[in-house]
Amino acid sequence: MAEGTIHNKDAFLNRIADKLGRKQSEVVALPAWKHQPQWSVFEDASSDDLLAAFCKSSTAKSVFVKETELANLRETLEEVIKKHGGGPIVTTKDARFSEYGLEQLFSDPETHIWNAALGRRNVELAKQANIGVIFSDISLAESGTIVQFNDRDIARSVSLLPVVYVAIIPKSTIVPRMTQATQLVHGLVKSGKELSTCINFISGPSNSADIEMDIVIGVHGPVEAVHIVVTDK
């Protein structure tokens, strides 16, 4: 069977339509929505406005936020790693670490760079890591959420399993909200580009609350989260 091929679709849908006592619609079209409020959030916001909103939303979710320029990124990241207990560290295998001048920082034996050839060994090393370092692909101002397009080298375990995750946020990745993020994903599909097998939306450290609304942080994942926003990228 070819990938993506659907068999017996019409027979299946016709059977459902028969049970409902009507014929299957031959043409399905989106309605013309009178109101679309999802587009009006931060509609006229500048990139600086979005940056401010992203930082405020992140802080509200117990995320530590640092702002820096590319020239000071390595120094800032070193400070964050030291403040949060140092290694062991795990990172994704991402060309942006080299592009942002961080490759040398992760060349020591205490850092494991995700290597798909090692299979499950990567997961074991991520479990033992104190800090995981990743890049955000899209960042949502409204909720302080980061988005990760996962693949064999950009593994979700890097943000999920260590005690602390550190996300590097290029300012250019900040968009108003989920609406724009999903629009970008739809654009990838329409253009025929290969889509990630998993897209993660990460909003701060792991949280859980019981019926008394007592929030406990770190129950299912990282205890602490840090967003380092690179303001000139």
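What share of the contacts in the protein chain between residues at least 6 apart in sequence join residues at least 24 apart? Keep the question in mind as you go through the views below, starting with the whole chain.

**Figure 1. Overview of the predicted model.** The answer to the opening question is 72%. Here you can see the protein chain with its seven helices and 12 strands. The C-alpha trace spans about 65 × 45 × 45 Å along its principal axes. Of the 233 residues in the protein chain, 39% count as buried. The accessible surface comes to about 14300 Å², and carbon and sulfur atoms account for 53% of that surface.

**Figure 2. Close-up of His-227 in strand β12.** The strand that carries His-227 runs over residues 224-230. His-227 has a relative accessible area of 0%, so it counts as buried. Look for the side chain of Ser-58, which makes a polar contact with the side chain of His-227 at 3.0 Å. Setting aside neighbours within four places in sequence, His-227 is also in contact with a run of residues from Val-63 to Lys-66, namely Val-63, Phe-64, Val-65 and Lys-66. Phe-54, Gly-144, Ile-146, Tyr-165, Ala-167 and Ile-169 are among the other residues in contact with His-227.

**Figure 3. Close-up of Asn-150 in strand β6.** Strand β6 covers residues 145-150, and Asn-150 is found in it. Is Asn-150 buried or exposed? Its relative accessibility is 4%, which lies under the 20% cut-off, so Asn-150 counts as buried. The side chains of Asn-150 and Asn-200 make a polar contact of 3.0 Å. Beyond neighbours within four places in sequence, the contacts of Asn-150 include Ala-155 and Arg-156, as well as Ser-196, Thr-197 and Cys-198.

**Figure 4. Close-up of the largest pocket.** This pocket has a volume of about 200 Å³. Its lining is made of 14 residues, and those nearest the centre are Ser-159, Leu-160, Ile-202, Gly-204 and Pro-222. Two elements, α6 (157-160) and β9 (198-202), each supply at least two residues of the lining. Which of the elements gives the most to the lining? That is β9, with three residues. Sorted by class, the lining has six nonpolar, seven polar and one charged residues. While you are here, Asn-200 and Cys-198, both met in the Asn-150 view as contacts of that residue, are worth finding again, as β9 covers residues 198-202.

Conventions: Residues are numbered from 1 along each chain as its sequence is written. This is a predicted model: local features need pLDDT of at least 70, side-chain atom pairs count only at pLDDT 80 or more; totals for chains, interfaces and linings use all residues. Side-chain values use heavy atoms; hydrogens and water are left out. On a 1 Å grid over the protein atoms alone, a cavity is a set of points where a 1.4 Å probe fits but cannot get out, and a pocket is an open set with protein on both sides within 12 Å along at least five of seven lines; lining residues have an atom within 4 Å of a point. Grid points are joined across faces, edges and corners, and a volume is the space filled by probe spheres set on the points. Helices (H or I, at least four residues) and strands (E, at least two) are DSSP runs, numbered from the N terminus. Ala, Val, Leu, Ile, Met, Phe, Trp, Tyr, Cys and Pro count as nonpolar, Asp, Glu, Lys and Arg as charged, and the others, Gly among them, as polar. Buried means under 20% relative accessible area, exposed over 50%, partly exposed in between (1.4 Å probe, protein chains only). A polar contact is a pair of N or O atoms within 3.5 Å; within protein, one must be able to donate a hydrogen and the other to accept it, and residues adjacent in sequence count only if both atoms are side-chain atoms. Contact means heavy atoms within 4.5 Å. Accessible areas come from the Shrake-Rupley method with a 1.4 Å probe; for residues, only the protein chains shown count as cover.
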